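Colleague: I'd like a close look at one part of this model, please. Take me through it side chain by side chain if you can.

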Amino acid sequence: MIFSRHPRKPERVKLSVQGAYTLWRSLIDRYVFIEHFNLLKNYAHDQDFMVYLTSIISDFKNETVELEKMCQRFSIPSPQPSSK
């Protein structure tokens, strides 16, 4: 019996240039969204709206964590996030 794959060596997954750009651009967009929603949250006075904005910001931060992991997996240098 001949096995074509080494059991401990994972296969390298390749990503096209377009896929790498899309991943990188998605991460930049998430950083911009977080920055804009934080700015909007600073000027909001309605408590319900602030709770909603906090929820949206939290969701975007979770997405950025996943996108950063994908960038590391494919060895794509991720953009720097804006200052906190």
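In which sense, left-handed or right-handed, does α1 pass α2? And what goes on between the side chains there?

Modeller: Sure, and keep in mind that this is a predicted model. α1 passes α2 in a left-handed crossing. The contact of α1 with α2 takes in 16 nonpolar, four polar and five charged residues. As for the geometry, the two axes come within 9 Å and cross at roughly 160°. Anything over 145 degrees counts as roughly antiparallel, so that is how α1 and α2 run relative to each other.

Now the rings. There are three aromatic pairs by the centre-distance rule. Take Phe 33 and Phe 60: their ring centres sit 5.2 Å apart with the planes at 40°, so this pair is tilted. Phe 33 belongs to helix α1 (residues 17–43) and Phe 60 to helix α2 (residues 47–73), so the pair ties together parts 27 residues apart in sequence. Phe 60 also pairs with Phe 37, with centres 5.9 Å apart and planes at 15°, so here the rings are stacked. That pair, too, links distant parts of the chain, with Phe 37 in α1 and Phe 60 in α2, 23 residues apart. Phe 33, Phe 37 and Phe 60 form one aromatic cluster. On accessibility, Phe 60 is buried at 15%, while Phe 33 is partly exposed at 36% and Phe 37 is partly exposed at 24%.

Then the charges. The salt-bridge count is three. Arg 30 bridges to Glu 63, the closest N and O atoms being 2.5 Å apart. This one goes from helix to helix, with Arg 30 in α1 and Glu 63 in α2, 33 residues apart. Both ends are partly exposed, Arg 30 at 21% and Glu 63 at 32%.

The other bridges stay inside a helix. In α1, Arg 25 and Asp 29 are four residues apart, about one turn, and their closest N and O atoms are 3.2 Å apart. Arg 25 is partly exposed at 36%, and so is Asp 29 at 25%. In α2, Glu 66 meets Lys 69 at 3.9 Å, N to O. Glu 66 and Lys 69 are three residues apart, so about one helical turn separates them. Glu 66 is partly exposed, with a relative accessible area of 46%.

To put it together: α1 and α2 are roughly antiparallel, with the Phe 33, Phe 37 and Phe 60 cluster and the Arg 30–Glu 63 bridge as side-chain links from one helix to the other.

Conventions. Residues are numbered from 1 along each chain as its sequence is written. This is a predicted model: local features need pLDDT of at least 70, side-chain atom pairs count only at pLDDT 80 or more; totals for chains, interfaces and linings use all residues. Side-chain values use heavy atoms; hydrogens and water are left out. Rings of Phe, Tyr and Trp (its six-membered ring) pair if their centres lie within 6.5 Å; planes under 30 degrees apart count as stacked, over 60 as edge-to-face and the rest as tilted. Helices (H or I, at least four residues) and strands (E, at least two) are DSSP runs, numbered from the N terminus. Buried means under 20% relative accessible area, exposed over 50%, partly exposed in between (1.4 Å probe, protein chains only). Axes are lines fitted to C-alpha atoms, for helices over the stretch in contact, and angles run from 0 to 180 degrees between N-to-C directions. Angles under 35 degrees count as roughly parallel, over 145 as roughly antiparallel, 65 to 115 as roughly perpendicular and the rest as oblique. A crossing is left-handed if the near helix is turned anticlockwise from the far one by less than a right angle, and right-handed if clockwise. Ala, Val, Leu, Ile, Met, Phe, Trp, Tyr, Cys and Pro count as nonpolar, Asp, Glu, Lys and Arg as charged, and the others, Gly among them, as polar. A salt bridge is a side-chain nitrogen of Lys or Arg within 4 Å of a carboxyl oxygen of Asp or Glu.
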